[in-house]
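Visitor: Pick one part of this model and walk me through it up close, then work outwards from there. I'd like the details, with cut-offs spelled out as you go.

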Amino acid sequence: MSALSYDPLDVDFLADPYPAFAWLRENDPVHHHPKDDRAPAFWALSRFEHIWEAVRRPDLFSSAQGLTFFPDEIGQLGIPPTMVMLDPPVQTQLRSLIGRGFTPKRVTVLEDRIRDFVRARLDDMGRRWRDGMGVDLHEHFSSTIPTYVLAELFGIPLGDQEKFAPWVNALTQLQNDGFSLDPNGSATGAGALTAMAEMMEYFTAAIAHRRQNPTDDLLGALVAAEVTDENGTHRLSDWDILGFCFVVVAGGSDTTASLITHAVTLLGDAPEQRRLLLEDPSLISGSLIEFLRLESSVQGLARTTTAEVTIDGTTIPAGEKVMMLYAAGNRDPREFGETADALDVRREITRHLAFSSGPHFCIGTHLARLQARVALEELLARHPQVAVDAAAGTRHQSAFVRGWLSIPVTSL
Ligand code: HEM
């Protein structure tokens, strides 16, 4: 294995990035990646401790120049940067506005509705299977759950939820295009842009309605929220609220779907681990971080240095993009021991990087874990030997996120 194997825009690397991550961790933990014809030069951190320290220092490692190693990412977005691309203290203030929508208490009340939804999906999958129609774990199961939950969170009435699914897909597609192998040659068609426009129109009307008729959902909370800045204390504009909606949809859908699907693929490769969960389903809750540790939905995101920084004897100049390779840190034997590459559903994990750390620590962790727990509890109870054909599946081609576009079920 050589350093050349770490080529984040190469299809072979993306098929199995973990050997290259291991090489980096051991041989070149503060890696300088030279400019090539597809991407500018950037740095990459792969050891757990280095990443953990860096993401907790937003004063040195800023998010305000974008989260990929591509240039002018913020300019190309065409919308004002949302909190994930801002630094404290502005980010802290914005984040506190939606924080109350995500407290464990607020999230827990969704459990019964999520369970009913998941059971209905399983009924549907069972019907398709019996009728000899193909069943796709991503399309017919994993991806539908976060879409439903986001709609509930925003307070979108049931009758409108069918419209919401294509909007979530469009936003995810747009984000993944930005994250994909060739961000300039975007694969997104006009359909996705039309869907985005429809979503903006719908949310703008929903916001206007809530300005007159307060509601208890996340959208209602954002309408009621007040911020204090150089212009005094004021309500959020429609534009600000739309930004929040977009960051929550973009951050909360595919990431959660990938966790559910990866749990199934990982258990498929480790029958004895599957047996442990089947014998004692109370282990499912604790196993979720282990699935995410081994297959991190967010593989890595960039920061930009605000000053010269020296890590492990290597100096990174100011103004350079630095990839935080969360997925590499999550398999670092220095943190997780010699079995770091193996699935252990009973592993006790105190720290991990699947949700990052520091000021941008994922705001949706409770919600993601609730969905994945309920999904796996119900799936394994109904179909204990569910199996998929990963080789026949299609993955996102992205250096930043890892997940599926489709993955056929081979046994239910
Ligand atoms: C398994 C599922 C999920 C994973 C792996 C995940 C991962 C992450 C990571 C790594 C970050 C940090 C980004 C950075 O380093 O700059 C993040 C931030 C964020 N996530 Fe998640 N996420 C998940 C689910 C969710 C859900 C369900 C929601 C909401 C419904 C959500 C909303 C957000 C938001 C709004 C941020 C930005 C927070 C900030 O900048 O302060 N995520 N997520």
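Guide: Two strands count as paired if DSSP finds at least two bridges between them, and strands (E, at least two residues) and helices (H or I, at least four residues) are DSSP runs numbered from the N terminus. Before we dig in: this is a predicted model, where local features need pLDDT of at least 70 and side-chain atom pairs count only at pLDDT 80 or more, while totals for chains, interfaces and linings use all residues. Residues are numbered from 1 along each chain as its sequence is written, and side-chain values use heavy atoms, with hydrogens and water left out.

Let's warm up on a hairpin. Strands β4 and β5 form one, with two residues between them. β4 covers residues 226–229 and β5 covers 232–235, and they pair in the antiparallel sense over four bridges. Put your cursor on threonine 228 and you'll find its bridge partner in β5, threonine 233.

There's also an open sheet of five strands, with mixed pairing and the order β1-β2-β9-β6-β3. β1 (30–33) and β3 (61–62) are the edge strands, each pairing on one side only. β1 runs antiparallel to β2 (residues 42–45), again over four bridges, and in that pair histidine 31 stands opposite alanine 44 of β2.

Now the part I'd zoom in on: the ligand. It has 27 residues around it, and the closest are Gln91, Arg95, Tyr326, His360 and Cys362; to be in that shell, a residue needs a heavy atom within 4 Å of the molecule. Two of those side chains reach ligand oxygens: a polar atom of glutamine 91 sits 2.8 Å from one oxygen atom, and a polar atom of arginine 95 lies 2.7 Å from an oxygen atom. On the nitrogen side, a polar backbone atom of glycine 251 is 3.3 Å from a nitrogen atom of the ligand. Looking at where the shell comes from, α5 (90–99), α13 (238–252), α14 (254–268), β6 (301–305) and α19 (365–382) are the elements that give two or more residues to it. By type, the shell divides into 16 nonpolar, nine polar and two charged residues, where Ala, Val, Leu, Ile, Met, Phe, Trp, Tyr, Cys and Pro are nonpolar, Asp, Glu, Lys and Arg charged, and the others, Gly among them, polar.

Just before α5, check the backbone: the peptide bond from proline 88 to proline 89 is cis, with omega near 5 degrees, and proline 89 belongs to the loop between α4 (73–77) and α5.

The loop between α18 (333–336) and α19 holds serine 356, which has a positive phi of about 65 degrees despite not being a glycine. At 6% relative accessibility it counts as buried, the cut-off being under 20% (exposed is over 50%, partly exposed in between, with a 1.4 Å probe and protein chains only).

Follow α14 along to leucine 267, which is buried at 2% relative accessibility. Skipping neighbours within four places in sequence, its contacts (heavy atoms within 4.5 Å) are Gln273, Arg274, Leu277, Phe291, Leu343 and Leu380. Leu277 turns up again as a neighbour of serine 287, which also touches Val345, leaving out residues up to four places away in sequence. Serine 287 is in helix α16 (residues 283–294) and, at 0% relative accessibility, is buried.

Phe291 leads us into the largest nonpolar core: of its 85 residues, Phe141, Phe154, Phe164, Phe203 and Phe291 touch the most other members. Such a core is a set of buried Ala, Val, Leu, Ile, Met, Phe, Trp, Tyr and Cys residues joined through side-chain atoms within 4.5 Å. Phenylalanine 164, not counting residues up to four places away, touches Thr147, Leu150, Ala151, Phe154, Ile156, Phe203 and Val249. Apart from that core lies another, of 43 residues, including Tyr6, Val30, Leu301 and Ala340.

One last stop: arginine 115, in helix α7 (residues 111–130). It's buried, with a relative accessible area of 15%, and its side chain makes a 2.6 Å polar contact with the side chain of glutamate 378. That term means N or O atoms within 3.5 Å; within protein, one must be able to donate a hydrogen and the other to accept it, and residues adjacent in sequence count only if both atoms are side-chain atoms. Leaving out residues up to four places away in sequence, arginine 115 touches Arg373, Val374, Glu377 and Glu378.
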